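Q: I'd like to take a close look at one part of this protein and see how it sits among its neighbours. Could you walk me through it slowly?

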Amino acid sequence: MGHIGHWAELTAPDFVALDLSHAVAILPIGAIEQHGPHLPMSVDRDLTLAVLARTLPLIPSDLTVLALPVQAIGKSTEHLAWPGTLSLSADTLVRVIHDIAASIRRAGILRVMLLNGHGGNRAVLELACRDLRAELGLVTAHVAWDDLAGAGAIAGEDEARNGLHAGDVETSAMLAVHPALVRMDRAEDFGSAHRKWQAAHPDLGLGMAPLRPGWLMGDLNPKGAVGNAAAATAEKGQRLLDNAARSLARLIADFARFC
């Protein structure tokens, strides 16, 4: 018999009664950082939790899947020029994840999935997953919710590829879950210098370009956002979050049977 729910709501004896043979612990990791003039600092935390909340009811009931409390602060050094941004160093975030994972291991769970909501965390989570595999023997993986949202079909391929921060995707998703926190009167189509970089130097840019420069958010747009936030709607946000939840539920079921 499986159990799907929140780690923090269980008692210590509850863990003894669980079938942990293929159990998965999910650690949501977000960020508290500026998101332009129209969105709150909490976007990456809030949207990660929104996807997770939609996902849990979709997971097959024979699995044991436990959602851990969110690690709200991530690595956000590219946003430190804006007041309000909170950030851990890469070293600190790796150590925090390691210590949480060690506690998961002591509880008898061997599979850990890191659910990411912030692009600046990606490289850190790649390192953390490999280190946890090597140091603790855990089966690990990381996934970003926005990679599962089907944004190209909803916001358009160009926006999905280039609307990097606080654009249509994140603004639409926030309109779906926390509309009172969104200032659409301040939303606009925020351009980005990276388009000019790629036009002038085809092999240099963001994403899949072979030569990828180190960049700070202010290098891309002085307002701290990139993408067409003015095009955002709550209806698009619901579709994005629902797509991500369905895909994540499938991935969790696959991961529970991996190794």
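How many residues of E2 are buried?

A: Sure, and keep in mind that this is a predicted model. Six of the six residues of E2 are buried, so the strand counts as mostly covered. You can see this on both of its faces: Val 24, Ile 26 and Pro 28 are buried on one side, while Ala 25, Leu 27 and Ile 29 are buried on the other.

Now for the strands around it. E2 belongs to an open sheet of five strands, with the order E1-E3-E2-E4-E5 and parallel pairing. The edges of this sheet are strand E1 (3-6) and strand E5 (139-144), and each of those pairs on one side only. From one strand to the next, the twist averages 15°. As a bit of background, strands of a sheet pair through backbone hydrogen bonds, either parallel or antiparallel.

In that order, E2 sits between E3 and E4. With E3, E2 pairs in the parallel sense over three bridges. With E4, E2 also runs parallel, and six bridges join the two. Val 24 is a handy residue to click on here: its bridge partner in E3 is Val 65, and in E4 it stands opposite Arg 111. If you carry on outwards, strand E4 (residues 111-116) is joined to E5 by six bridges, and this pair runs parallel too. One example is Met 113, whose bridge partner in E5 is Ala 141.

Next, look at the helices on the sheet. H2 packs on the sheet and touches strand E2 (24-29), strand E3 (64-67) and E4, and the direction of H2 makes about 150° with that of E2. H10 packs on the sheet as well, touching E2, E3, E4 and E5, and its direction makes about 160° with that of E4. That gives E2 contacts with both H2 and H10.

These two helices also meet each other. Two packed helices are described by the angle between their axes and the distance between the axes. For helix H2 (residues 43-55) and helix H10 (residues 234-256), the axes come within 8 Å and cross at roughly 60°, which makes H2 oblique to H10. The crossing is right-handed. On the H2 side, the contact is made by Leu 47, Val 51, Arg 54 and Thr 55, and the H10 residues include Leu 241, Ala 245, Leu 248 and Ile 252. Sort the residues of this contact by class and you get eight nonpolar, two polar and two charged.

One step further out, H10 has another partner, H7. The axes of H7 and H10 come within 7 Å and cross at roughly 95°, which makes H7 roughly perpendicular to H10. Among the H7 residues that meet H10 are Asp 168, Val 169, Ser 172 and Ala 173, and the H10 residues they face include Gly 237, Gln 238 and Leu 241. By class, this contact has eight nonpolar, three polar and two charged residues.

Like E2, H7 has plenty of buried residues. Nine of the 10 residues of helix H7 (residues 168-177) are buried, so H7 is largely enclosed by the rest of the structure. Asp 168, Glu 170 and Met 174 are among the buried ones. The cover over them includes H2, helix H5 (151-155), helix H6 (157-162), strand E7 (227-228) and H10.

Methods. Residues are numbered from 1 along each chain as its sequence is written. This is a predicted model: local features need pLDDT of at least 70, side-chain atom pairs count only at pLDDT 80 or more; totals for chains, interfaces and linings use all residues. Side-chain values use heavy atoms; hydrogens and water are left out. Axes are lines fitted to C-alpha atoms, for helices over the stretch in contact, and angles run from 0 to 180 degrees between N-to-C directions. Helices (H or I, at least four residues) and strands (E, at least two) are DSSP runs, numbered from the N terminus. Angles under 35 degrees count as roughly parallel, over 145 as roughly antiparallel, 65 to 115 as roughly perpendicular and the rest as oblique. A crossing is left-handed if the near helix is turned anticlockwise from the far one by less than a right angle, and right-handed if clockwise. Contact means heavy atoms within 4.5 Å. Ala, Val, Leu, Ile, Met, Phe, Trp, Tyr, Cys and Pro count as nonpolar, Asp, Glu, Lys and Arg as charged, and the others, Gly among them, as polar. Two strands pair if DSSP finds at least two bridges between them. Buried means under 20% relative accessible area, exposed over 50%, partly exposed in between (1.4 Å probe, protein chains only).
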